[in-house]
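This briefing covers the surroundings of a bound ligand and one helix of the protein. The sequence and structure come first, followed by the points grouped by topic.

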Amino acid sequence: MSAFLIEGGKKLSGSIAVQGAKNSVLPILAATILTGGISVIHNCPQLTDVDASIAILRHLGCEVCRDGEDITVDSAPMNRYDVPDRLMREMRSSVVFLGAVLGRMGCAELSMPGGCELGPRPIDLHLAALKSMGADVDGQGGSLNCCCQALQGQEIVLSIASVGATENIMLAACCAEGTTVISNAAREPEIVDLQRFLRAAGADIAGAGSSTVVIRGRRPLHEVEHTIIADRIVAATYLSAAAAAGGEVELTGVDRCCMLPVLEVYRMAGCEIHTWPDRIEMCCPHQLKGVRPIRTAPYPGFPTDAQPPVLAALAMADGTSVFVETIFENRFRHAGELLRMGADIRVEGRVAVVCGVEQLLGAAVHSPDLRGGAALVVAALGAEGSSKVTGLSHIDRGYSRLEQDFTRLGAKIRRVNEKQS
Ligand code: EPZ
């Protein structure tokens, strides 16, 4: 087990190219099942969640090879439709394979993904949609068996703009007879990236990025080459690190249009921000100001995944900030660890009141989950003194070169064995 040793208080400066988006590459790897041929995907970050997806594809019979950030999948030899429990447990978002496997094979057997650190992660919307398309769904004793000889296009209205449900329906609908219309679809940029991949493979799909996505199924799909978009949550994390530690950073490769709610918060907090279509520069004051209440929301609202790192940066602001977490019920677990660093945060259910303090102090803290771990790194970079951040297995799911990138920006951070101090 490893840990980060961080010496805080070093201003950050320099330029970083932002890694490819984890939440784009995962559904696109599932989508490679549909082409029945070769898919070449560029800008895939080195993440344990990506490794888990590759393991699932190989288990299903696909041939997968990785060369740096390029992944080539040949799904022609696919000959299975079951995802074993050990692989499902490695990554709960493996449920995104459900629609593609069912669409390609007519059957899909997964174990129920269950909850995670953020709370129960139901998939009722996924299953209701697939049932409406004609699938028989049997979810007994923790396993999920779906089958359907011929999926039918359907008008589907999502009661929640679920990212995963939107993705599963898009993938299943590509194999369905007729047209599927998804209303109240999730609008995240990663959904648009999935549509780009599917259209490049020959699918007839339109509307991603809006609340209505239309898929005309059973188009012949073919080989495809695709480059993954930059990860807007990693970008938000890096901006938060600069905001916490002070300094001036440039992020390249990231679409500023995907970052607007986070940029607005940091402008209100006193940062000077300049943007270009795929570049962001942020100059941070010695101390941030507290900001108006921040409510997380589906895109294009403030992203729930950016809440932990932004909260960590504002824990050192001059003033109070309030966060309302509307997406997940247990997404303030990093607050308890930040208290160990001297933060003044009160959590009541889905509301966190963050009373900024002049200075956080380094401490030994443990990552509660992926973005909560990133929040602790942000806080440690801005804190006075040394911190030790453990639980890196969470962080490594979503950040491919955190310590390398922060070192390049002037931070003192290194990965050591957990026992080392
Ligand atoms: C995706 O998760 C992301 N993961 C999450 O990122 C992100 O936080 C989330 O979308 C919201 O933006 C990936 O893309 C791999 P949802 P997902 O379905 O699809 C409820 C990270 O840190 N819901 O949009 O699982 C659900 O409980 C991760 O990178 C149902 O009730 O999220 C939640 O309250 C964390 N029934 C809300 O909808 C369902 O059938 C939004 O969930 C599905 C969802």
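**Ligand site and helix α1**

Domain 1 (2-18 + 230-420) and domain 2 (22-227) each contribute residues to the shell around the ligand, so the ligand lies between them. The model is predicted.

**Polar contacts of the ligand**

- The residues around the ligand number 22, and those that come nearest are Asp124, Leu125, Ser162, Asp305 and Ile327.
- In the side chain of Asp124, an N or O atom is 2.7 Å from a nitrogen atom of the ligand.
- Ser162 has a polar side-chain atom 2.7 Å from an oxygen atom of the ligand.
- For Asp305, an N or O atom of the side chain is 2.6 Å from an oxygen atom of the ligand.

**Cover and make-up of the shell**

- On its own the ligand has 820 Å² of accessible area, and the protein covers 86% of it.
- Two or more residues of the shell come from each of α1, α5 (124-132), α6 (163-173) and α12 (370-382).
- The most is given by α5, with three residues.
- Sorted by class, the shell holds nine nonpolar, seven charged and six polar residues.

**Helix α1**

- Helix α1 spans residues 22-35, 14 residues in total, and reaches 21 Å from its first C-alpha to its last, close to the 20 Å expected at 1.5 Å a residue.
- Of these 14 residues, 13 are buried, so α1 is largely enclosed by the rest of the structure.
- Gly36 follows α1 and has a positive phi, near 65 degrees.

Conventions. Residues numbered from 1 in each chain as written. Predicted model: local features only at pLDDT ≥ 70, side-chain atom pairs only at ≥ 80, totals over all residues. Heavy atoms only, no water. Helix = DSSP H or I, 4+ residues; strand = E, 2+ residues; numbered from the N terminus. Expected span 1.5 Å × (residues − 1). Buried < 20%, exposed > 50% of the residue type's maximum accessible area, 1.4 Å probe, protein only. Near = heavy atom within 4 Å. Polar contact = N/O pair within 3.5 Å; in protein donor to acceptor, adjacent residues only side chain to side chain. Areas by Shrake-Rupley, 256 points an atom, 1.4 Å probe, with all protein chains shown as cover. Nonpolar A, V, L, I, M, F, W, Y, C, P; charged D, E, K, R; others polar. Domains from an automatic or database assignment.
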